[in-house]
Amino acid sequence: MELSSTDFDSLYRQFGPMVLRRCRFLLKDEEKAVDAMQDTFVRVLENKDRVTEVCSSYFFTIATRICLNKIRSDKYRMAASIEGLEGIIQDNASSMQEEITNVSMYLDFIFSGRDEKDREIAVLHYVDGYTIEETAKKTGMSVSGIKKRLTNLKKYAGEKHGI
């Protein structure tokens with residue numbers, strides 16, 4: 001079958017709306033439906049030498065196959081993206097776990113030989129973000145006692161690390 005540009009234009013006007021409706025129904029996305037409709041007509045042009053009769057069922061079948069292939073490939077792409085994302089999350093999680101372990105070991109080193117209350121005060125003030133007054137309330141100590149311990153802790157950490 002030989003399709004001239006006039007014949008193709010006529011086929012596009014005749015079957016285009018039906019093909020677009022089918023693509024919209026299957027893909028549920030206007031942009032993807034328009035792309036699938038165009039792919040349908042490209043497929044018709046590519047197979048023009050093998051086609052003996054052009055009818056609505058021919059266009060319907062091609063449009064359906066193209067849409068189902070798009071749905072299938074989108075699912076595979078989504079699955080691959082999710083697998084890639086899971087890998088990134090796992091890499092970051094193990095990296096964060098390693099960092100937490102390092103910080104924990106560092107804190108153990110800093111607080112070794114110190115009163116457990118120093119660690120509690122430091123965590124409340126520096127990690128949890130409590131003010132000196134709030135830290136004093138939480139620990140049942142005076143504000144001056146908290147200030148003194150924090151100053152001594154800074155001095156101790158500086159001496160321990162040569163800072």
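**Group meeting talk: an all-helical chain, helix by helix**

Hi everyone, let me start with the surface: the chain has an accessible surface of about 11400 Å², and carbon and sulfur atoms hold 54% of that. Please keep in mind that this is a predicted model. Of the 163 residues in the chain, 26% count as buried.

On to the fold. DSSP gives us six helices and zero strands, so to speak a plain α-α-α-α-α-α when you read along the sequence. For the contact-map fans here: among contacts with a separation of 6 or more, 56% are between residues 24 or more positions apart.

Now, what sits inside? The largest nonpolar core has 21 residues, and Val19, Cys23, Phe41 and Phe59 are the ones that touch the most other members. Three helices each supply at least two residues of this core: H1, covering 5-27, H2, covering 30-46, and H3, covering 56-111. H1 gives the largest share, with nine residues. Take Val19 as an example. Setting aside neighbours within four places in sequence, Val19 is in contact with Met37, Thr40, Phe41, Phe59 and Ala63. Apart from this core lies another one, of five residues, including Ile110, Ala122, Leu153 and Ala157. As a general reminder, nonpolar side chains tend to be buried together in soluble globular proteins.

Let me zoom in on H2. This helix has 17 residues, and the distance from its first C-alpha to its last is 24 Å, close to the 24 Å expected at 1.5 Å a residue. Which residues of H2 are buried? They are Ala33, Ala36, Met37, Thr40, Phe41 and Val44. Looking down the axis of H2, you find the buried residues within an arc of 135°, so they line one face of the helix. The textbook picture helps here: an α-helix has 3.6 residues a turn, so residues three or four places apart point the same way. Over on the other side of H2, Glu31 and Glu46 are exposed. And at the start of H2, Asp29 has a side-chain oxygen that reaches to within 3.0 Å of the backbone nitrogen of Glu31.

Next stop, H4, which runs over residues 116-127. Its twelve residues should span 16 Å at 1.5 Å a residue, and the end C-alpha atoms are indeed 16 Å apart. The buried residues in H4 are Asp118, Ile121, Ala122, Leu124 and His125. Viewed down the axis of H4, these buried residues fall within an arc of 170°, so they too line one face of their helix. You may remember Ala122 from a moment ago, as one of the residues in that five-residue core. Turned away from the buried side of H4 are Glu116 and Val127, both exposed. Just after H4, have a look at Gly129, which takes a positive phi of about 80°.

Last, a residue I'd like you to click on: Ser144, in helix H6, residues 143-161. Is Ser144 buried or exposed? At 53% relative accessibility, Ser144 counts as exposed; the cut-off for that word is over 50%. The side chain of Ser144 makes a polar contact of 3.3 Å with the side chain of Ser142. Ser144 is also twelve residues from Ile132 in sequence, with 9.0 Å between their C-alpha atoms in space.

That's my tour. Thanks for listening, and I'm happy to take questions!

How values were computed. Residues numbered from 1 in each chain as written. Predicted model: local features only at pLDDT ≥ 70, side-chain atom pairs only at ≥ 80, totals over all residues. Heavy atoms only, no water. Helix = DSSP H or I, 4+ residues; strand = E, 2+ residues; numbered from the N terminus. Buried < 20%, exposed > 50% of the residue type's maximum accessible area, 1.4 Å probe, protein only. Contact = heavy atoms within 4.5 Å. Areas by Shrake-Rupley, 256 points an atom, 1.4 Å probe, with all protein chains shown as cover. Core = buried A, V, L, I, M, F, W, Y, C linked by side-chain atoms within 4.5 Å. Expected span 1.5 Å × (residues − 1). Arc of directions from axis to C-beta. Polar contact = N/O pair within 3.5 Å; in protein donor to acceptor, adjacent residues only side chain to side chain.
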